[in-house]
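Dear colleague,

I am passing on a structure that you have not worked with before, and I would be glad if you could look through it alongside the notes that follow.

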Amino acid sequence: WAFDATGHLQYRAIRPIAPLEVLTFSYVGNGMNLITSTLIRRQRLAQLCFVCGCQRCAAEDLSRRVQCPEGCGGYCFPCYTSQDDRGFANAGPRHSMILDAASWRCNTCKVDISTSDLPLNAEEELAELVPRFMQSPASKAPEDAARLRDLRLKAATVLGKGHWTYFLATFAWLQKCLALMRNETVIPFSERDLSSACVEVAEWLEVAAFENVEQRLCALFLAVRLAQHLGQGLKSWGYDA
């Protein structure tokens, strides 16, 4: 969307719209804001005095998968309780009124996991650091690429590759690497590092954000630029040619 020269707001479709299809607008913005967890999205929206109950927020939180501490190889999902917006109008910081899950459940071993058994402090730290370094100016690309590489490794080790912080750290690292290839003579990564990371980005979006068209197009555009720069076909970067 954008404002035209007369100040009117214009919306442009990025996919075909069927007759009678409901058009919706995201209050949490565009870009990668929409791939964060249900908890974070609801906390942002709480400033508007409601608890979001859209199809995505009401469904299983696919963006917040945490590797099971039982070692079964599966992922734990947060079990959010139902919550309404009564009392929001007179509340102080409304984001603090959005309740986190009291328990989690593994999709493989079906064990209920207490929040105390999960690395939620590390999750909070990563949720703050990854977007910060992603949004740093281009002049800091060398330093940010190194930081994001380390954060990506931490997210994979502590939370698992299903978590949104791992996805975002990987996507942001690829962006910084592309900037480095354009401006630096020595780069600390290989073509294989880039292609495998790009494949992971495409696979994550397919599982956790399959209806997020804009975000998937952003990832595809990044893959196209990497493929053009390094001379490979898109299949090597996670997409069918």
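**Pockets, a cavity and helix α1**

In this predicted model, the lining of the largest pocket is made up, by class, of 22 nonpolar, eight polar and nine charged residues. The volume of this largest pocket is about 1600 Å³, and of the 39 residues that line the pocket, those closest to its centre are Thr 24, Phe 25, Ser 26, Leu 34 and Glu 211. The elements giving two or more residues to that lining are α1, α2 and α7 (213-230).

The second largest pocket holds about 320 Å³ of space, and of the 15 residues lining it, Leu 39, Ile 40, Gln 43, Glu 124 and Ala 127 are the closest to its centre. Two or more residues of this lining come from each of α1 and α3, with α3 providing the largest share, seven residues. By class, the lining of the second largest pocket divides into six nonpolar, three polar and six charged residues.

There is also one cavity of 30 Å³ or more, with about 50 Å³ of space, and its lining includes Thr 38, Leu 39 and Arg 42, as well as Tyr 80 and Ile 98. Five nonpolar, three polar and one charged residues make up that lining.

Helix α1 (residues 38-45) is mostly covered, with six of its eight residues buried, namely Thr 38, Leu 39, Ile 40, Arg 41, Arg 42 and Leu 45. These buried residues pack against α2 (55-58), α3 (120-134) and α5 (164-183).

With best wishes

Methods
Residues are numbered from 1 along each chain as its sequence is written. This is a predicted model: local features need pLDDT of at least 70, side-chain atom pairs count only at pLDDT 80 or more; totals for chains, interfaces and linings use all residues. Side-chain values use heavy atoms; hydrogens and water are left out. On a 1 Å grid over the protein atoms alone, a cavity is a set of points where a 1.4 Å probe fits but cannot get out, and a pocket is an open set with protein on both sides within 12 Å along at least five of seven lines; lining residues have an atom within 4 Å of a point. Grid points are joined across faces, edges and corners, and a volume is the space filled by probe spheres set on the points. Ala, Val, Leu, Ile, Met, Phe, Trp, Tyr, Cys and Pro count as nonpolar, Asp, Glu, Lys and Arg as charged, and the others, Gly among them, as polar. Buried means under 20% relative accessible area, exposed over 50%, partly exposed in between (1.4 Å probe, protein chains only). Helices (H or I, at least four residues) and strands (E, at least two) are DSSP runs, numbered from the N terminus. Contact means heavy atoms within 4.5 Å.
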